[in-house]
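Q: Let us go through this model label by label. For each term, set the value against its cut-off and say what follows.

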Amino acid sequence: MSASDASLLANIDARTKLAGSNKMEILLFSLGTRETFGINVFKVREVSQTPFVTKTPNMPFGVEGVLSLRGNIIPVISLAKFIGCELAEGGYNTMIVTEFNKSTQAFLVDSVDRIIRVDWDKVRAPENVMNTTQQTLITAVTELEDGKLVSILDVEQILSSVVGETRLPDIPQAALEDDQYVFFVDDSVVARKEISNVMDKMSIKYHQANNGKEAWDKLQVLANRTWSDTESLHDNLKLILVDAEMPEMDGYVLTKLIKSDARFSGIPIVMHSSLSSNANRAMGASVGVDAYVAKFDPAVLADTIIPFLQR
């Protein structure tokens, strides 16, 4: 990694101070077109020149081959093929090595620009901004000071396309009453589907939301219900599962809001995130999450939430 690339990713631990600020840092990059793309810095392990890539037969769509990185064999993925951009002549000389969902992979890009600090309330859903193909792979859109749009990649969706859907193991059922449920929020279509599958297999009823602001609005509606003398929010809502990075309001701010509202006192919050480094766990702990689970291991998710549901 060059000195300039190293400086881009320096002081990651210092970014834990962003927890609860509704800000996140995004690494900007190009695929050789006029569009600017972004990826959460916490997902980025390093940026470097593309080394020799070994071509292998029968690879999934978009996988150019594999390479050896410090003794580990990782897939090399062409983002241009997923996004629908024309491939640059001679290929791409830069790669972004990402680490999330307990996996490491390299994304080929044309060039890396800089890191920007984003206010999540200025990040919006991508509907009506780009073509249908891109909408499935872009989790959010934000705007630079010069008015240029930045498309933030849904890397979970891309990885799911490469490795396929997670197979659910045997998961124990949760002994909840008919009127009891879990609330979860995640901006990734893939994650919401996987969480729903786990909840269904555990026979857990649930409410869901697509981002932190929507989740807070829905939780307010639940909390503002007229409760009887023999029933309360705590009797019905048994657990809240939050993602970390989401447009409009991230999971750290959402957690702070919930923890500061006495109506939700005693209701556990579990952060379920593809950002599973010690720094991210520290960010979760700083805002008061009761547990932190890395995406996506259905058995670990179930094992984590069952003790809270049985309280």
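A: Start with helix α4. Its buried residues are Val155, Glu156, Gln157, Ile158, Leu159, Ser160 and Val162. Buried means under 20% relative accessible area; over 50% is exposed, and in between is partly exposed (1.4 Å probe, protein chains only). This is a predicted model, in which local features need pLDDT of at least 70 and side-chain atom pairs count only at pLDDT 80 or more, while totals for chains, interfaces and linings use all residues. Residues are numbered from 1 along each chain as its sequence is written, and side-chain values use heavy atoms, with hydrogens and water left out.

Q: Why is α4 called largely enclosed by the rest of the structure?
A: Seven of its nine residues are buried, so the label applies.

Q: What does α4 lie across?
A: α4 lies across β4, β5, β6 (94-100) and β7 (103-109). It runs at about 105° to β7. Such angles run from 0 to 180 degrees between N-to-C directions, with axes fitted as lines to C-alpha atoms, for helices over the stretch in contact.

Q: What makes a run of residues a helix or a strand here, and how many of each does the protein have?
A: Both are DSSP runs, numbered from the N terminus: helices are H or I with at least four residues, strands are E with at least two. The protein has ten helices and 15 strands.

Q: What makes β4 and β5 a pair?
A: Two strands pair if DSSP finds at least two bridges between them. β4 and β5 (residues 72-78) have six, in the antiparallel sense. They therefore count as paired. Within this pairing, Val66 stands opposite Pro75 in β5.

Q: In what order do the strands of the sheet with β3 and β4 stand, and which are its edge strands?
A: The order is β3-β6-β7-β5-β4, an open sheet of five strands with mixed pairing. The edge strands are β3 (44-49) and β4 (63-69), because each pairs on one side only. Neighbouring strands are turned by 30° against each other on average, direction ignored.

Q: How is the sheet with β8 and β9 ordered?
A: This open sheet of five strands runs β8-β1-β2-β10-β9, with mixed pairing. Its edge strands, β8 (111-119) and β9 (138-143), each pair on one side only. The twist averages 35° from one strand to the next.

Q: How do you know that β1 pairs with β8?
A: Seven bridges join β1 (residues 23-30) to β8, and the two run antiparallel. Phe29 has Val112 in β8 as its bridge partner.

Q: Is Ile152 of β10 buried or exposed?
A: Buried: its relative accessibility is 3%. Ile152 touches nine residues' worth of neighbours listed in part here, including Ile26, Gly38, Trp120 and Leu137. Contact means heavy atoms within 4.5 Å. Ile152 and Thr36 are 116 residues apart in sequence, with C-alpha atoms 8.9 Å apart in space.

Q: Why does Val182 count as buried?
A: Its relative accessibility is 0%, so it meets the cut-off. Val182 lies in β11 (residues 181-185). Beyond four places in sequence, it touches residues including Met199, Tyr206, His207 and Leu309. Its C-alpha is 6.0 Å from that of Ile240, although 58 residues separate the two in sequence.

Q: Why is His272 given the label it has for accessibility?
A: His272 has a relative accessible area of 1%, so it is buried. It sits in strand β14 (residues 269-273). Among the residues it touches are Asp186, Ile195, Asp243 and Phe296.

Q: What share of the protein is buried?
A: Buried residues make up 55% of the 311 residues.

Q: What makes a space a cavity, and how many does the structure hold?
A: On a 1 Å grid over the protein atoms alone, a cavity is a set of points where a 1.4 Å probe fits but cannot get out. The structure holds one of 30 Å³ or more. The largest cavity has about 140 Å³ of space. A volume is the space filled by probe spheres set on the points, which are joined across faces, edges and corners.

Q: What makes a residue part of the lining of the largest cavity?
A: A lining residue has an atom within 4 Å of a point. The lining has 18 residues, with Lys43, Thr139, Leu153, Asp187 and Glu245 nearest the centre. β2 (36-40), β10 (149-153) and α4 (155-163) each supply at least two.

Terms used:
On a 1 Å grid over the protein atoms alone, a cavity is a set of points where a 1.4 Å probe fits but cannot get out, and a pocket is an open set with protein on both sides within 12 Å along at least five of seven lines; lining residues have an atom within 4 Å of a point.
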